[in-house]
Amino acid sequence: MPAFRQVGEKQLPNPVLFMAWSPKRDLIALANTSGELLLHRLANFQRVWSLQPNENTGKEITALAWRPDGKILAFSVGDTKQVVLCDAEKAEILHLFSVEYPVSCMHWMEVQDDSSTLSSFSESEDESSRFLPKLPTLPKSYSTTSKIFSEEKSDEVTNLLGDVRLNILVVGGSFGFVELYAYGLYKIATLNGISGTCRSLGLSCDLKSLSVITEMRSTEGNPEIHYMQLDTGLLSSCLPELTKMARKFTHISTLLQYLRLSLTCMCEAWEDILMQMDLRLTKFVQEKNTSTQVQDEFLELLLWGHASPELQALLMNQLTVKGLKMLGQSIDSSYSSIQKLVISHLQSGSEALLYHLSEVKGMALWKQKFQPLGLDPAAIEDAIVAVGSFTLKASELLQVIDKSMKNFKAFFRWLYVAMLRMSEDHVPPELNKMTQKDLAFVADFLSEHFSANKELFDRKGKYFNVERVGQYLKDEDEDLMSPPNMEGNQWVTFVKQTTHLKDSTLLFPTYPQKSLHFVKKMMEATIDLCLQKPAEVIGLSIKQAVCLRLYTVPEGSSENTPRLFELPSLWNDKTASMHYVVFCMPEVSPSKIYIMRRATDPSRSVPNGLVAVNINTPLNSSIDDETPAQHPVDSLYSCLDARFYDDETLTVVLRNLEDDENKMRILAQLPLNSALRWEEEFIWDITLGLEQQIEGIPVQALAWGNQSRELENIKAQFVAVNGIRKVACVLSANLRHVRVFEMDAEEEEEDEERADESQEMSLDQDRLEDTLNDQSDAGDGEHGGVGGSMDAQVTGQKSGDILDDTAGSETL
């Protein structure tokens, strides 16, 4: 009976660049050359959903990583230099952030359990939820700008943070670019001093060290593979403080996004129709022949009921009675929507932001605990002041809206009656009554808003700014056209006359000449400066513990091979606190796999730090043999790909070197118990490459005969495994053919024969289905949504059916 049970197979229309199994579910994510992200389930390799590329997120996926709980999938996009977090359940973009260089590799890890730490942080998180109400969800019509705060989620921040336990997303790219993001959201470290392009990353679950595989040019110009171990001891020693700070700053980052989206909704609620009055008045000034001021003509109409021919033409021909009524309704509806968003979203979000920043300030003042992480009380105080200024500016906008609504309501009521009289229409009795107070109110409005402004014409090409709300929502650095008049404000007068209050740091600055957008950007810049300081301090604390030159990459050997599939591969043994590095040197020793071990604690030495595994072992030998075989080898094999299945097993794809047609491939499990117990020690000369010291590396022979399976009708080249779920996915050399196996099951002989008989037919059917699906996808015209969202194509079932997975699968 062949080992490993085949459960799925597929011919894909586009070459696959990246494969990543979910750590908790029987789901595998694939990224292809067209920029499409696919999610397939284990059973029959059925597609669950796909995300199409768009101009907002980019079209060149360069790396994949699952959050340890399997609920969020991160992928990096090279052409836009962004990292995107996607909800695995609904195929929605939850969050994205920009990076300095294109990301070439990612690793998402979770720290080991610490019950005392978890309990303390659970209590602190409950306190914030006790004092702060849940943020109102954004209006449904605007939720397409981002799915972070969609109407279906009641606690969006907690959904993004996941468990209380700290998890860290590590991203790396060219020019030694490496950054660490707590919970995949908040940057906690920017690393320096790394040379070359990052090929693989592995942060230990105890946070004591970071393994990095880099590629750099040698003095002869050839690409060389180096292994670096970085000491991240500060993260480990300050884990409770780091977790507390990271969760607080992640709350702050998501609140900033919430305020940003709220302001976007306000801008969308403000309609361009509100500019019609200003533009028509400006055109009226430019076309009229008389030298009379516009406000004088309106005042004459107000007092005497007479209008000049030019004003009458403006009102009756351009504005019209129907147009005036529609304009009044638009202004009332728009202002009401903006007013509600300010009260329910901007003010509540600002209050929550002040709460979290005040708690962070308290943490920063506890210097013994938090100063090593770079918390600066002065920078946090500046951020609190900036949020206070933003809150005051939002309150100022509320006052402007309230005043404008009253003014426009009275003005339009009077003007509507005046225009009805001009057209000799019937005036309703309830509108015909106008008191002396109403008359004075309209007269003040006309004198304040209808005076021509030459400076305004020079800047904006119009003479008037009757509509005062839109200027607060403009994303411009210029001063407000019509700032609020503070001359009669008793509080402003009191502050100016009081020496101690005039320059007091207790009062938030108001910036009366600036727009809400300007103050918001200033607040974001101040908070970003506050958030960046810990990343700089922690980054400087991370030092290189060791740098080893592994081998030289032959020129032209990997021109057409995706870098993600290339060895070396990294593994973190949580139980033994070890970093494992697996690599091959086919040019020097094609039949050997090299395994390097280093302790996660850089100060601890490890016996048997490097061993070579000889895979040319007789097929009929025992798995438990601990000595090299003495009888001839059945065939010669080389390793094409190798990934750790668990702490003691290596999954490999082997090629038969004696196969003239280069078609024979074998999927095998290598037990590493004997190899890792080998006592012979290798003395590493760090001044030389391994190619020059290969004779001194201890060699261990391993048997894999009854833990292997020949792969027929597929030129297998790469493999992705998940030992927790006990699954493997094999990818062909042309990157289009995948085959999925359950590794802990054996396939029955009858099933094998039936599968062989129907294999070609099923492959042809798969090709036909994929072609039809691609044509259907193209015909549907799927494009990405606004604000960084992407369209999701759900295939074969509803996206919510992911929860009904194969037997034994955990729910999200």
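In what order do the 5 strands of the open sheet run? I went after that in the predicted model and read off S18-S19-S20-S21-S25, with mixed pairing.

**Sheet edges.** Next I checked which strands sit at the ends. They are S18, covering 569-573, and S25, covering 699-701; each of these pairs on one side only. I also looked up the twist: neighbouring strands in this sheet are turned by 30° against each other on average, direction ignored.

**S21 and S25.** I then zoomed in on how S25 is attached. Strand S21, residues 610-614, runs parallel to S25, and 3 bridges join the two. For a concrete contact I picked Val-613, whose bridge partner in S25 is Gln-700.

**Helix H4.** I moved on to residues 239-269, which make up helix H4. My check was end-to-end length: with 31 residues at 1.5 Å a residue, H4 should span 45 Å, and its end C-alpha atoms are indeed 45 Å apart, so the two agree. Then I asked myself how many of its residues are buried. The count came back as 25 of the 31, so H4 is largely enclosed by the rest of the structure.

**Cysteines.** Last stop was sulfur. I looked for disulfides and got 0 for the structure. Is Cys-530 buried or exposed? Its relative accessibility is 3%, so I put Cys-530 down as buried, the cut-off being under 20%. Cys-547 has a relative accessible area of 30%, so that one goes in my notes as partly exposed, as the class lies between the 20% and 50% limits.

How values were computed: Residues numbered from 1 in each chain as written. Predicted model: local features only at pLDDT ≥ 70, side-chain atom pairs only at ≥ 80, totals over all residues. Heavy atoms only, no water. Disulfide = S-S within 2.5 Å. Buried < 20%, exposed > 50% of the residue type's maximum accessible area, 1.4 Å probe, protein only. Pairing = 2+ DSSP bridges. Helix = DSSP H or I, 4+ residues; strand = E, 2+ residues; numbered from the N terminus. Axes fitted to C-alpha atoms, helices over the stretch in contact; angles between N-to-C directions. Expected span 1.5 Å × (residues − 1).
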